Amino acid sequence: MNIAALLAGLLSGIIGAMGMGGGAVLIIYLSVFTQTEQLASQGINLMFFIPIGLLAVIIYAFKKQIKWKTTLLLAAWGLLGAVIGLMITDLLGGELTAKLFGGLLILIGIKEIFCKNNNNGVAVKRQK
């Protein structure tokens, strides 16, 4: 195992535990630096997320920072969304899925550059 793989795993775990999408780091690492196909990268990312997510849930629950009613409702709809997403990914294939994922990252980056969050966590346009 090389140092890049260790750093990618560590950074993905840190960002994932913070609830900020560590999977993006892992998918980019796998797709770009190891030439792993997009769909395989997504599968590896999902398996990586299970222990990271479980540990984060335990820590956040211990700190009483989880609203369980809201969380369970979102999780139920998230499961439905996951099934739909898998079907769409099968239809689109790996190449188009990779391009859509890249476009999403660009849009999120643009939003982060040009918007700031107000006190309620809602993105608002930055004032010059």
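## Exercises on a predicted model

Lys99 counts as exposed, at 56% relative accessibility. The model is predicted. Work through each task with the structure in view.

**Exercise 1.** Find the salt-bridge partner of Lys99, and state how the pair is placed in helix 4.

*Solution.*
- Step 1. Look for the partner. Lys99 forms a salt bridge with Glu95, and their closest N and O atoms are 3.5 Å apart.
- Step 2. Test the distance. The cut-off is 4 Å between a side-chain nitrogen of Lys or Arg and a carboxyl oxygen of Asp or Glu, so 3.5 Å qualifies.
- Step 3. Place the pair. Glu95 and Lys99 are four residues apart in helix 4, which means about one helical turn separates them.
- Step 4. Recall the general rule. An α-helix has 3.6 residues a turn, so residues three or four places apart point the same way.
- Step 5. Check the surroundings. Glu95 is exposed too, with a relative accessible area of 60%.

**Exercise 2.** How many salt bridges does the structure hold? Describe the one formed by Lys111.

*Solution.*
- Step 1. Count. There are two salt bridges in the structure.
- Step 2. Find the partner. The side chain of Lys111 meets that of Glu112, at 3.0 Å from N to O.
- Step 3. Classify both residues. Partly exposed means between 20% and 50% relative accessible area. Lys111 has 33%, so it is partly exposed. Glu112 has 46%, and is therefore partly exposed as well.

**Exercise 3.** Which two non-glycine residues have a positive phi, and where do they sit?

*Solution.*
- Step 1. Take Gln35. Its phi is about 55°, although it is not a glycine. Gln35 lies in the loop between helix 2 (22-33) and helix 3 (38-62).
- Step 2. Take Lys64. Its phi is about 60°, and it is not a glycine either. Lys64 lies in the loop between helix 3 and helix 4 (68-114), just after helix 3.
- Step 3. Check exposure. Gln35 has a relative accessible area of 62%, so it is exposed. Lys64 has 75%, so it is exposed too.

**Exercise 4.** Compare the expected span of helix 3 with its end-to-end distance, then locate its bend.

*Solution.*
- Step 1. Work out the expectation. Helix 3 has 25 residues, and at 1.5 Å a residue it should span 36 Å.
- Step 2. Compare. The end C-alpha atoms are 35 Å apart, which agrees.
- Step 3. Find the bend. Helix 3 bends by about 30° at Phe49. A proline, Pro51, follows within four residues.
- Step 4. Look at what is hidden. Gln38, Ser41, Asn45, Gly53 and Ala56 are buried in helix 3.
- Step 5. Look for the cover. It includes helix 1 (3-17), helix 2 and helix 4.

**Exercise 5.** Thr89 and Leu92 both belong to helix 4. Is each one buried, partly exposed or exposed?

*Solution.*
- Step 1. Start with Thr89. Its relative accessible area is 15%, and buried means under 20%, so Thr89 is buried.
- Step 2. List its contacts. Leaving out residues up to four places away in sequence, Thr89 touches Leu39, Gln42 and Thr97.
- Step 3. Turn to Leu92. Its relative accessible area is 35%, so it is partly exposed.
- Step 4. Widen the view. Leu92 is part of a nonpolar surface patch with about 1,100 Å² of accessible area together. Its other members are Leu73, Trp77, Leu80, Val83, Ile84, Met87, Ile88, Leu91, Leu96 and Leu100.

How values were computed:
Residues numbered from 1 in each chain as written. Predicted model: local features only at pLDDT ≥ 70, side-chain atom pairs only at ≥ 80, totals over all residues. Heavy atoms only, no water. Buried < 20%, exposed > 50% of the residue type's maximum accessible area, 1.4 Å probe, protein only. Patch = residues over 30% accessible without salt bridge, like charges linked within 9 Å, V, L, I, M, F, W, Y side chains within 5 Å. Areas by Shrake-Rupley, 256 points an atom, 1.4 Å probe, with all protein chains shown as cover. Expected span 1.5 Å × (residues − 1). Bend = angle between axes of the 7 residues up to and from the residue. Contact = heavy atoms within 4.5 Å.
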